[in-house]
Structure formats: C-alpha cells, structure tokens
Amino acid sequence: GERGTPARAGPTGRPHAPGSASLLLWIKGKLFTWNILKTIALGQMLSLCICGTAITSQYLAERYKVNTPMLQSFINYCLLFLIYTVMLAFQSGSDNLLYILKKKWWKCILLGLADVEANYLIVRAYQNTTLTSVQSLLDCFGIPVLMALSWFILYAGYRVIHLIAVAGCLLGVGTMVGADILAGREDNTGNNVLIGDILVLLGASLYAVSNVCEEYIVKKLSRKEVLGMVGLFGTIISGIQLLIVEYKDIASIHWDWKIALLFVAFAFCMFCLYSFMPLVIKVTSATSVNLGILTADLYSLFFGLFLFGYTFSGLYILSFTVIMVGFILYCSTPTRTAEPAESSVPPVTSTGIDNLGLKLEENLQETHSAVL
C-alpha cells in the first residue's frame, strides 16, 4: 500500500507476505499485456515472411540452379514502386512525390542505396563464408550497431532491462549457431571466409542505417513516404546493378511454371515484409523488430527438416525459447528518449519514441489508477 498505511493483517494478526499468486499476477500484467502480445504476433509474422524468402531462394538455388538475388529484389522494388510510389504521385501538399524529391532527393537516394546494397552484400557473403558466420555476425554485430545509431540519431535511452534482454536474444543466436555446428550445417566454407565476414559486417551496418532511417520516417512523417522512396530508388539502383552483375545468370534460366511460381512466392513474401515492417516499427522500434525477427532462421530450419533434410537438434527449441524470452523482456519496458538541445521541444526526458503502444497502455493504466 501507500507509505504510512499499515499492512493488512491476516487471521493470526501477521501481515500477509506476497505469495506466488501475486507474483504471477504481476508477471502477467507486466509481460503479457495486449500490446506486447500484439507486438510478438506481428514480429513473428515478419519472421515468417523472411522464412518464406529464404525457403524460395534455397529452392531456386538447390533444385533449379537459379542464383539471381538481384532479380528477385528488383521484382519486389518494382511492386513497391507500382503501389506506394504511384500513391505518392497522386498525393497533394508535402506528401506529393515531386515535393518530397525536391526537398530531400539525396536522402531518398541514400536510403534506397543502403537497402539495396545491404540485401546484395548479405547474399554475396553466403557465397564466401559459412552459414553460421553470416547468422552470428549479422545478429551479434548488426543489433548493437542498430542500438548505437538509435541512441545517437533517435536519442533512445536504454535501461538495464533492455541490455539484459538483448544479451539474452544474442545468447539464443549463439545457441542456434552451436546447433548448426553440431548438425554439420557449417560444412560449406565458401571461397574466402575473411571476405565473406567483411561483407556481412558491411551489410549489417547498412541494414542498421536503413532501419533507423525507416523508424525516423514512419514516426515523424509517413509509412507511404518511406516505401514509396525505397520503391522508386530501389527499382532504379537494383535495375542498373542487375544489368551489370546478373545478366548472364538471368539469360541462362530455363523458365517453367515451377520457377515462375517460386519467383512469385518470393516477391509476395518480400512485399509483405516491406509493407508490414514500418507498421510494426511505428508502434515499437527498429530494435524491437530486429529482435523479434531473430526467430526467422529457426523457422527456416524447422521447414528445412522436411524440405531439405536438415538434422534436428533440441538446441533449436532452446534457442527459440531464449530469443522469445529476451524479446518479451525488451518489449515489457519502454525506452526513454531525450530530445536534442537544439530542438524546439524543451530539453526534458520524455518516454515514448520506442515501444509506443506499450507506453500508451501504461498511461491508460496510470490514469485509471489515479481516478480510482
């Protein structure tokens, strides 16, 4: 109770000690709120989209010897262009396509370039280093870089529980990598491990830049703007790069309906990923989303048990559990954000740019308690 209020006594005259029931109620109220459950569901939906892109790409590569990552990305950027960029063209005022290009064309080019090259570098890294190196470096290097950029650009202030949660998620990634090694999935060492690892680090850094820019735009401006600009410049950049690096691979494809169907499935999964990710980022943060989609590799592994004959390991289940616990812990507490001193907003600490939905729920609970 409040300070100075005597504890309620039981039949024996002794105060009640907080029992396990009250602890469970506290955990339920803190970790399993509607917004956290919704964030988990949205994060796993994104993971399944990524899983779909991985499985279709692997089918194309292993069954049909089709290795055209830039063509696959180009189709996705074209879909984004046809829907979101065209929508911007018919907007008025500051949301109009020409107005956006006039005011910040170079920023839009950098955003599109970072997105295209991040995808390309990671795919190339798979050809030069091991699967486990790509998984571990991409997550263990990319997420800390993303958090640092969020702190520097978005002024996110992390609490101890966030650092513990991230460490837990990365521990889950380590468990997954260990399971891969025990299952023998690291046998494909590629051509040059050092070059492959450098490509992963560069790709992870570009992913972090792209995600932070996306978070800033969807929270300060609009989702249509970020997708429209990525669609426009992603189509141009990937189209040029496609003609330079993949024209021979594309010419050698023996097209049939199965290959076409796999391309369609890949494009659908990728388009859903790009369309839904800004929605999830808007109510949480780029860091939350990247922690949530750590399970994508595990979904790919589970499907791979049936499709590609992977070896099962109980460590995969442990890895999934550890990642999900860390993700829930991270989402359970909103980060604190401080506006920069030169901003027109008074330089006081406020809460809410990260895990916005959770903060709104907390505010409602505080208001309800005050009324009572």
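Helices, as counted here, are DSSP runs of H or I with at least four residues, and strands are runs of E with at least two, both numbered from the N terminus. In these terms the secondary structure of the chain, which is taken from a predicted model, comes to 14 helices and 3 strands. Of the 372 residues of the chain, 46% count as buried, and the accessible surface amounts to about 19200 Å², with 69% of that area belonging to carbon and sulfur atoms. When contacts between residues at least 6 apart in sequence are considered, 84% of them join residues at least 24 apart.

A buried position is provided by Ser47, which is found in helix α2. Because its relative accessible area is 0%, and buried means under 20%, Ser47 is classed as buried. The side chain of Ser47 reaches the backbone oxygen of Gly292 at a distance of 3.3 Å. Once the neighbours within four places in sequence are left aside, the residues in contact with Ser47 are Gly292, Ile293, Thr295, Ala296 and Tyr299, and Gly292 thus appears both in this list and as the partner of the side chain of Ser47.

The loop that joins α2 (34-63) to α3 (69-89) contains Lys65, a residue that is not a glycine and yet has a positive phi of about 55°. Lys65 counts as exposed because its relative accessibility is 66%, where exposed means over 50%. A positive phi is also found at Tyr155, again a residue other than glycine, where the value is near 60°. Tyr155 is placed in the loop between α5 (131-153) and β1 (156-157), and its relative accessibility of 32% is the reason why Tyr155 counts as partly exposed.

On the surface, a nonpolar patch of about 550 Å² is made by Phe81, Leu82, Ile83, Val86, Met87 and Phe90. Among these residues, Met87 has its place in helix α3, the helix that spans residues 69-89 and follows the loop holding Lys65. With a relative accessibility of 33%, Met87 counts as partly exposed; since patches are made of residues with over 30% relative accessible area, this value therefore meets the accessibility cut-off for membership of a patch.

Methods:
Residues numbered from 1 in each chain as written. Predicted model: local features only at pLDDT ≥ 70, side-chain atom pairs only at ≥ 80, totals over all residues. Heavy atoms only, no water. Buried < 20%, exposed > 50% of the residue type's maximum accessible area, 1.4 Å probe, protein only. Contact = heavy atoms within 4.5 Å. Areas by Shrake-Rupley, 256 points an atom, 1.4 Å probe, with all protein chains shown as cover. Patch = residues over 30% accessible without salt bridge, like charges linked within 9 Å, V, L, I, M, F, W, Y side chains within 5 Å. Salt bridge = Lys/Arg side-chain N within 4 Å of Asp/Glu carboxyl O. Polar contact = N/O pair within 3.5 Å; in protein donor to acceptor, adjacent residues only side chain to side chain.
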